[in-house]
Amino acid sequence: MTLLRGARRNGQWATVTTISNMAADAFVRRPPRDLRFFLVHGSDEGLVRERVKTLVGVALQGEADPLRLTRLDGDAVARDPGALADEVYAVSMFGGARALWIEAQGRDLLPSLTPLMARPPVDCTIVVEAGALKRGAALRSAFEKADNAVSIECYPDDKRTLGPLIDAEARAAGLSIAPEARDYLVSLLGSDRGATRGEIAKLTLYARGKHRIEIEDVEAIVADAAPSTLDAALDAALSGDLAGLEAGAGRFFADGGDPGFLVTRLTQRMTLLHRLRIEMESGKSFEAAAQSQNLRMAPSARMGLAKQAERWSAASVARRLPAIAGLAARVRRNPRLGEAVALRALWALASGLRAPRGIKRSDEVE
């Protein structure tokens with residue numbers, strides 16, 4: 001059989017055995033009527049579940065009838081292969097097409113499915129939900145080689161798929177979205193389709209009553225977009241903002257913040273600053289330097305980092321990094337003094353005073 005990856009001809013799907021991730025959304029909404037076996041697999045669990053639900057809905061013609069849908073887990077199928085055949089060939093009590101939804105759970109389903117593929121049912125669609133399957137895996141190969149089955153890939157969304165998804169959800173909510181807000185939202189989402197839809201739903205609900213979603217809305221409501229109290233403390237320390245440091249560090253430790261984690265993040269931030277300053281001192285702008293480091297952060301956080309990069313030089317950061325990195329060991333050795341050690345280091349960087357254990361003055365860009 002010729003292997004086509006999600007090809008359509010004259011509005012109809014050609015003979016296929018594998019549907020690529022990019023073509024899968026369109027395919028599951030209008031699958032060929034003669035196909036009875038569908039394997040939906042991949043590393044994006046939310047997307048796998050979404051496409052399985054769509055296929056089941058199409059098979060049942062949009063009717064949420066529990067008497068026409070049977071769900072089985074892989075353990076039950078593997079234990080009793082004959083029980084699967086009984087379900088597949090059973091006659092619906094009230095007529096109409098039926099669907100069988102199997103959650104593979106890593107079990108060997110081939111002994112149960114192979115006889116069914118050789119004698120496919122007339123009015124029952126079998127949809128198998130699986131996790132990530134390597135090319136050549138037995139279950140995946142069986143679906144790709146069968147004439148009456150198809151394998152559907154599900155991988156995390158990227159810019160090509162996230163943009164249209166965001167636009168569609170915004171339109172459905174009667175909203176538009178500013179280009180910069182859309183771009184920022186794309187940078188935050190994508191690892192799981194279910195989580196992505198949940199974040200977009202929160203955003204559209206938050207923006208209800210407005211005409212357009214702005215970047216401030218994304219920062220206010222989307223997970224990982226709003227700055228944390230830890231970020232606020234680090235930003236203040238590296239910008240020389242004493243009042244901001246007092247407020248940010250106070251909230252961080254009042255909320256039970258871990259001093260060791262703070263020191264680790266401070267080391268990471270200063271390492272990033274060092275790399276940015278090296279790029280900038282070679283003649284690049286901050287934006288060009290940030291792009292070379294593949295930075296993905298909120299615009300407000302990006303602006304704060306730009307100010308910090310202007311305050312420091314590569315040499316001044318390099319002098320302080322070894323001592324800052326060494327604080328982590330001190331915090332681990334004496335956790336009771338961890339908060340005091342971390343605070344003293346932050347205050348030293350912010351105020352320009354001499355810090356503990358050889359951290360020098362944070363004098364301005366030299």
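**Salt bridges, helices and a few odd spots**

Aspartate 217 is a buried residue, with a relative accessible area of 5%. In this predicted model, its partner is lysine 210: the two side chains meet in a salt bridge, with 2.8 Å from N to O. Lysine 210 counts as partly exposed, at 35% relative accessibility. So one end of this bridge is buried, while the other is partly exposed.

That pair is just one example, since the structure holds 25 salt bridges. Some of them share partners, and in this way Asp25, Glu50, Arg51, Asp157, Glu169, Arg193 and Arg197 are joined into one network. Two members of that network, arginine 193 and aspartate 157, form a salt bridge whose closest N and O atoms are 2.8 Å apart. Arginine 193 sits in helix H9 (residues 193-206), and aspartate 157 sits in the loop between strand S8 (149-154) and helix H7 (159-172), so this pair ties together parts that are 36 residues apart in sequence. Are these two residues buried or exposed? Arginine 193 is buried, with a relative accessible area of 2%, and aspartate 157 is buried too, at 8%.

Another bridge stays inside a single helix. Glutamate 144 and arginine 140 meet through their side chains, with 2.9 Å from N to O. Both belong to helix H6 (residues 138-145), where they are 4 residues apart, or about one turn of the helix. The general rule here is that an α-helix has 3.6 residues a turn, so residues three or four places apart point the same way. Burial applies to both partners: arginine 140 has a relative accessible area of 2%, and glutamate 144 has one of 15%, which still counts as buried because the cut-off is under 20%.

Now for the helices that pack together. Helix H17 runs over residues 338-351, and its 14 residues should span 20 Å at 1.5 Å a residue; the end C-alpha atoms are indeed 20 Å apart, so the two values agree. The buried residues of H17 are Gly338, Val341, Ala342, Ala345, Leu346, Ala348, Leu349 and Ala350. What do they pack against? Their partners are helix H11 (229-239), helix H12 (242-254), helix H13 (259-281), helix H15 (299-311) and helix H16 (314-333).

Seen from the side of H11, the buried residues are Leu230, Asp231, Ala233, Leu234, Ala236, Ala237 and Leu238. These pack against H12, H13, H15 and H17. After H11 comes glycine 240, which has a positive phi, near 75°.

Positive phi also turns up at a residue that is not a glycine. Most residues other than glycine have a negative phi. Glutamine 105, however, has a positive phi of about 55°. Where is glutamine 105 placed? The answer is the loop between strand S6 (98-103) and helix H5 (110-118). Glutamine 105 is partly exposed there, with a relative accessible area of 44%.

Finally, a word on the cysteines. In general, a disulfide is a covalent bond between the sulfur atoms of two cysteines. How many disulfides does a search of the whole structure find? The count is 0. Cysteine 124 is buried, with a relative accessible area of 1%, and cysteine 154 also counts as buried, at 0% relative accessibility.

Methods: Residues are numbered from 1 along each chain as its sequence is written. This is a predicted model: local features need pLDDT of at least 70, side-chain atom pairs count only at pLDDT 80 or more; totals for chains, interfaces and linings use all residues. Side-chain values use heavy atoms; hydrogens and water are left out. A disulfide is a pair of cysteine sulfur atoms within 2.5 Å. Buried means under 20% relative accessible area, exposed over 50%, partly exposed in between (1.4 Å probe, protein chains only). Helices (H or I, at least four residues) and strands (E, at least two) are DSSP runs, numbered from the N terminus. The expected span of a helix is 1.5 Å times one less than its number of residues. Contact means heavy atoms within 4.5 Å. A salt bridge is a side-chain nitrogen of Lys or Arg within 4 Å of a carboxyl oxygen of Asp or Glu.
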